[in-house]
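Reader: I would like a close look at one part of this protein, the place where helices meet and charged side chains pair, set against the rest of the chain. Please take the reasoning step by step.

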Amino acid sequence: MTLHLNEFVGRWRKDPVTTERSVKVPMLVFEATGDEHSADAWALTGSASVGRLETGHDPMLFVVEKRAGVQNPFTMGVTLGRVETNDISIDDSSVSRFHAWLQYDDRTQQWSLCDADSKNGTFVDGDALGARQRKVVNDGGIIRLGNAHLRFLLPESVVLRLRMNGG
């Protein structure tokens, strides 16, 4: 599922209890393209344009889960890439058709990102991943796919940021 940050904050303002209960899996915040040191989209100002960056961009939120009804033969994790057959589709020309995947390890209770032999590179907190290399993604970590920057947030962080900045 894909949402705009302002839409999500608006839902929370109308019904915080239901919105908070709906956050059961991590989310990716598509913060910027090309700027490694972009502002945190959740560093909100409390104004009417709650989730807008200075450029007027309303960041996208991607729910990290397998997408229902998609013919995606990759069952090992949540796929990320440019084409619609991915669980998370990122419309950016620097992102490969099938760029990477996120996977949860029940044993370690950690999420990791694995590069799918992408053309323009996969990075976690600035560290480049080689083809098929896996790296743990921590809460608040920055994932870069080509030129697309995404912040990884665990459910409890999403709820905390809503409470701190959404009202």
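Author: What follows begins with the chain as a whole, turns to the helix contact and its charged pairs, and ends with a few loop positions.

The model is a predicted one, and the protein in it contains three helices and 12 strands. Of its 167 residues, 51% are buried, and its accessible surface comes to about 8700 Å², with carbon and sulfur atoms accounting for 48% of that area. When contacts between residues at least 6 apart in sequence are considered, 50% of them join residues at least 24 apart.

The part to look at closely is the meeting of helix H1, residues 5-14, with helix H3, residues 155-165. A packed pair of helices is described by the angle between the two axes and by the distance between them. Here the axes come within 11 Å and cross at roughly 75°, and H1 and H3 are therefore roughly perpendicular to each other, since an angle from 65 to 115 degrees is counted in that class. On the H1 side the contact is made by Phe8, Val9 and Trp12, while H3 contributes Val158, Leu162 and Arg163. Sorted by character, the residues of this contact comprise five nonpolar, no polar and one charged.

Arg163 deserves separate attention, for this residue of helix H3 takes part in the contact with H1 and also forms a salt bridge with Glu20, in which the closest N and O atoms are 2.6 Å apart. The pair links distant parts of the chain, with Arg163 in helix H3 and Glu20 in helix H2, which spans residues 16-22. In sequence Arg163 and Glu20 are 143 residues apart, whereas in space their C-alpha atoms are 9.4 Å apart. If neighbours within four places in sequence are left aside, Arg163 is in contact with Trp12 and Glu20, and Trp12 is one of the H1 residues that make the helix contact.

The two partners of this salt bridge fall into opposite classes of accessibility. Arg163 counts as exposed because its relative accessible area is 53%, and the class of exposed residues starts over 50%. Glu20, by contrast, is buried, because its relative accessible area of 16% lies under the 20% limit.

In general, side chains of opposite charge can pair when their charged atoms come close. A search of the whole structure finds six salt bridges, and another of them belongs to helix H1, where Glu7 pairs with Arg11 at 3.3 Å between the closest N and O atoms. Glu7 and Arg11 are four residues apart in helix H1, so about one helical turn separates them. Both residues of this pair are partly exposed, Glu7 with a relative accessible area of 37% and Arg11 with one of 40%.

Away from the helices just described, Asp127 forms a salt bridge with Lys135, and the closest N and O atoms of that pair are 2.7 Å apart. Asp127 is partly exposed at 38% relative accessible area, and Lys135 is likewise partly exposed, at 27%.

The loops between strands supply some further positions to inspect. Most residues other than glycine have a negative phi. Arg132, although not a glycine, has a positive phi of about 65°; this residue is placed in the loop between strand E9 (127-129) and strand E10 (134-137), and it is exposed, with a relative accessible area of 53%. Gln109 also has a positive phi, near 55°, in a residue other than glycine. The place of Gln109 is the loop between strand E6 (100-105) and strand E7 (110-115), and at 59% relative accessibility Gln109 counts as exposed.

A loop position can also be buried, as Asn86 shows: Asn86 is found in the loop between strand E4 (78-81) and strand E5 (88-89), yet its relative accessible area is 3% and Asn86 is therefore buried. Asn86 and Trp101 are 15 residues apart in sequence, and the distance between their C-alpha atoms is 9.3 Å.

To return to the part you asked about, the axes of H1 and H3 cross at roughly 75°, and Arg163, one of the residues making that contact, also forms the salt bridge with Glu20.

Conventions: Residues numbered from 1 in each chain as written. Predicted model: local features only at pLDDT ≥ 70, side-chain atom pairs only at ≥ 80, totals over all residues. Heavy atoms only, no water. Axes fitted to C-alpha atoms, helices over the stretch in contact; angles between N-to-C directions. Helix = DSSP H or I, 4+ residues; strand = E, 2+ residues; numbered from the N terminus. Parallel < 35°, antiparallel > 145°, perpendicular 65-115°, else oblique. Contact = heavy atoms within 4.5 Å. Nonpolar A, V, L, I, M, F, W, Y, C, P; charged D, E, K, R; others polar. Salt bridge = Lys/Arg side-chain N within 4 Å of Asp/Glu carboxyl O. Buried < 20%, exposed > 50% of the residue type's maximum accessible area, 1.4 Å probe, protein only. Areas by Shrake-Rupley, 256 points an atom, 1.4 Å probe, with all protein chains shown as cover.
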